[in-house]
Amino acid sequence: MVDVQRVLAADGSVVGAVPDMSDCRLRELLVHMLRVRCIDERMLKLQRSGRIGFVGSTLGLEAAMIGSAAALGPMDWMWSGLREGAAAVMRGLPLDEYVAQMFCNSNDTAKGRQMCNHFQHAGSHYPSWSSGIGTQLTHGVGAALAAHRRGLDEVHAIYCGDGASSSNGFHSGLNFAGVWKAPCVFVLVDNGWAISVSSRAQTAAESYAAKGRAYGVPGVEVDGNDVLAVHGVTAEAVETARGGGGPSLIVLKTYRMLGHSSSDDPTRYRDPEEVAAWAERDPIDRYETFLLDRGVLEAGGRERLAAATLAELDEVIRTQEAAAPMSTRTLVEDVYAEVPGHLRRQYNDFARIQESHGEARPGEGAFPL
Amino acid sequence: MATLTIVQAVNDALKSVMRDDPTVLVLGEDVGPKGGVFLATEGLTAEFGIERCFDTPLSEDGIIGTAIGMAMNGLKPVAEIQFQDFIFPAFDQIVSEAAKLRYRSGGQYTAPMVIRTPYGGGIRGGLYHSQSGEAYFCHTPGLKVVVPSTPHDAKGLLIASILDPDPVLFLEPKALYRSVKGEVPEDSYQVELSTLREVRAGDDVTVFCYGAMVPVAVKAADQAADKGIDCHLVDLRTLLPLDEEGVLEAARRTGRVVVVHEAPRFCGYGAEISALIAENVIEYMEAPIKRVTGFDTPFPNTLEHHYLPDERRVLDAIEQVHSY
Ligand SMILES: Cc1ncc(C[n+]2csc(CCOP(=O)(O)OP(=O)(O)O)c2C)c(N)n1
Ligand SMILES: [Mg+2]
């Protein structure tokens, strides 16, 4: 059996060593977790009213993503598995770019080309996931090796889900990282489900942490709804990696409270009692109790913080919803550094037909050949 | 006869063969209790049990590799790949193993199996939930590649694919899953593989299409008819092995050809149709062959309606070859 690392019990009482952090820093963790939850709530609302296409909810995962990402330095990279977008906001992804990506409008840095929920922010070293599960793991390992070879002090945090642990990328990623002693940390978010497949059906291993052992990568299991435990364990792993001690595998045990995405109906495949049991272990409630007990948060503080975030978000949403769609020329741009001749001709043929229907917008005309 | 959607017809075909043949089983991600993300396998676990319709770990390579082993040892697996975009981790197993097994063993071992997968755009799925990868697989001798566009064909072609002695990639146009309804016989029946379907007879321009491009081509042909151009519309429905004679005959009939597909153009399926016609019946051609296709770019998201050939672009090509 693997021990599960924990600092706070589900009721917020302290059962482990509280990391040495200032009150201000402790409070910040709550602020960021609340932001994750508010963003999720608003995006789901937009989706339900048909204003955006689809949402991969993060409800219940706030401590896992914030606790781990907060342990990274500004030069470190985050390789997202799927649901870490709101943690990227904490690290520097501007809220308006986040919302623009959900609307896939002309302010989206990926130019509206990706589905919603595929955030990126080069400024804080956050490439988007592709959609293909597991492909980012080896990228992260390669980038970590590159950092080492170039003498950079970076650590690469590589996120993936319990489902992704079955992908080829997971096995190659852990294996290569182990062999190379690459400066990276694997953060496996075991949220109980890979769409409708239970995380218990994904592997016969006694724990996901045990998988690291086979690759010479130490594995540790953490209560993923305990932001302090997640933060402490990740900080230690990051320090080890940065000091040349090689990679580790951190398994965050948490729970995806809603469906896989806004298109999924989880009642088809899971027991409502299981969901109810996890609701009792809510990561924000737990941490709020801890902060209140410690006098770091005042009564009503959580509500005020959430209201401020929601107001800020609503303003951003208003602006982004009004933004223009992408220009049609982006259809053929960025495929290569230069738009090659055959793509110019394909686009021009399209533009000719658009124009014949009076539908070409300014700046969307033919490319010079 | 029941009126079914394409996804219901797929489900009906699976139930039908599973009732008739206890060696048929279904595996894939989320195909069990959830019934698949598009509900194509809904009710199968309830009716046939978890041993005949079951969820796998998240590994396409694992799904296809193990399905090959099952097929080599007496079962008839129908593997679902959740989106065709996610088939590539299994590319090696499909291309190097399933497709070559009969050949390399001199017929001692075979892999009679079906890989079902939703493909194509039109659902705002962006780069990785929209692609049409048929050309990669049509370049793979040993595979069969089948694409239905109606509920009737979906059932009949899927049953024929499962009963076929060779590995079949069964591409389901997800844009049509629920948008097209049609009459489907309740009994089991087969639509013979490698046969064409004449969607509409006409003498002026021949339009070849398949999958989700069939209804687009039908609309374009309707609009062409308003302009006095009579289109002969052919649904290819099995891409490999292709009914080459049927294609040549249809091309000869009008001497003017348009090929429509949503996949990129370069080295796409339309190139094969054009070459086949050019090599064999060029003397009958009255106009250059035109292809209407997706752009030679990755699949976009917000602009997918421009990427995908629409009736305007198909009609434009029909008019060009007609007036040549
Ligand atoms: C290669 C590949 N196969 C299938 C899918 C479809 N798919 C998207 S997310 C997902 C489940 C992922 O589960 P997990 O890794 O646990 O992440 P979670 O959704 O729980 O965050 C699946 C099967 C995909 N995106 N990529
Ligand atoms: Mg999961």
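The paragraphs below lead from the overall form of chain A to a few individual residues in chains A and B.

The model is a predicted one, and chain A offers a convenient place to begin. Its secondary structure comes to 12 helices and 8 strands, and along the principal axes its C-alpha trace spans about 70 × 50 × 40 Å. Chain A has a radius of gyration of 22 Å, which agrees with the value near 21 Å that a compact globule of 369 residues would have. Of those 369 residues, 57% are buried. When contacts in chain A are restricted to residues at least 6 apart in sequence, 71% of them join residues at least 24 apart.

The surface and the charges of chain A can be described in a similar way. Chain A exposes about 14900 Å², of which carbon and sulfur atoms supply 53%. Its side chains include 35 positive and 46 negative ones, and the centres of these two sets lie 4 Å apart.

Two residues of chain A call for attention on account of their backbone. Most residues other than glycine have a negative phi. Ile195(A), however, has a phi near 50°, which is positive, and this residue is placed in the loop between β5 (193–194) and β6 (197–198) of chain A. Ile195(A) counts as buried because its relative accessible area, 12%, is under the 20% cut-off. Asp334(A) likewise has a positive phi, near 65°, and is found in the loop between α11 (301–321) and α12 (341–356) of chain A. With a relative accessible area of 47%, Asp334(A) is partly exposed, since that class lies between the cut-offs of 20% and 50%.

In chain B, Asp21(B) occupies the loop between α1 (6–20) and β2 (24–28). Is Asp21(B) buried or exposed? Its relative accessible area is 14%, so Asp21(B) is buried, the limit for that class being 20%. The side chain of Asp21(B) makes a polar contact with the side chain of Thr23(B) at 2.7 Å, and another polar contact, at 2.9 Å, joins it to the side chain of Lys76(B). If neighbours within four places in sequence are left aside, Asp21(B) is in contact with Arg52(B) and Lys76(B).

A further backbone feature of chain B concerns a peptide bond. Most peptide bonds are trans. The bond that joins Leu240(B) and Pro241(B) is cis, with omega about -10°, and Pro241(B) is found in the loop between β12 (238–240) and α9 (244–254) of chain B.

Notes: Residues numbered from 1 in each chain as written. Chains lettered and ligands numbered in written order. Predicted model: local features only at pLDDT ≥ 70, side-chain atom pairs only at ≥ 80, totals over all residues. Heavy atoms only, no water. Helix = DSSP H or I, 4+ residues; strand = E, 2+ residues; numbered from the N terminus. Rg over C-alpha atoms; globule rule 2.2 N^0.38 Å. Buried < 20%, exposed > 50% of the residue type's maximum accessible area, 1.4 Å probe, protein only. Contact = heavy atoms within 4.5 Å. Areas by Shrake-Rupley, 256 points an atom, 1.4 Å probe, with all protein chains shown as cover. Lys, Arg positive; Asp, Glu negative; His and termini not counted. Charge placed at Lys NZ, Arg CZ, Asp CG, Glu CD. Polar contact = N/O pair within 3.5 Å; in protein donor to acceptor, adjacent residues only side chain to side chain.
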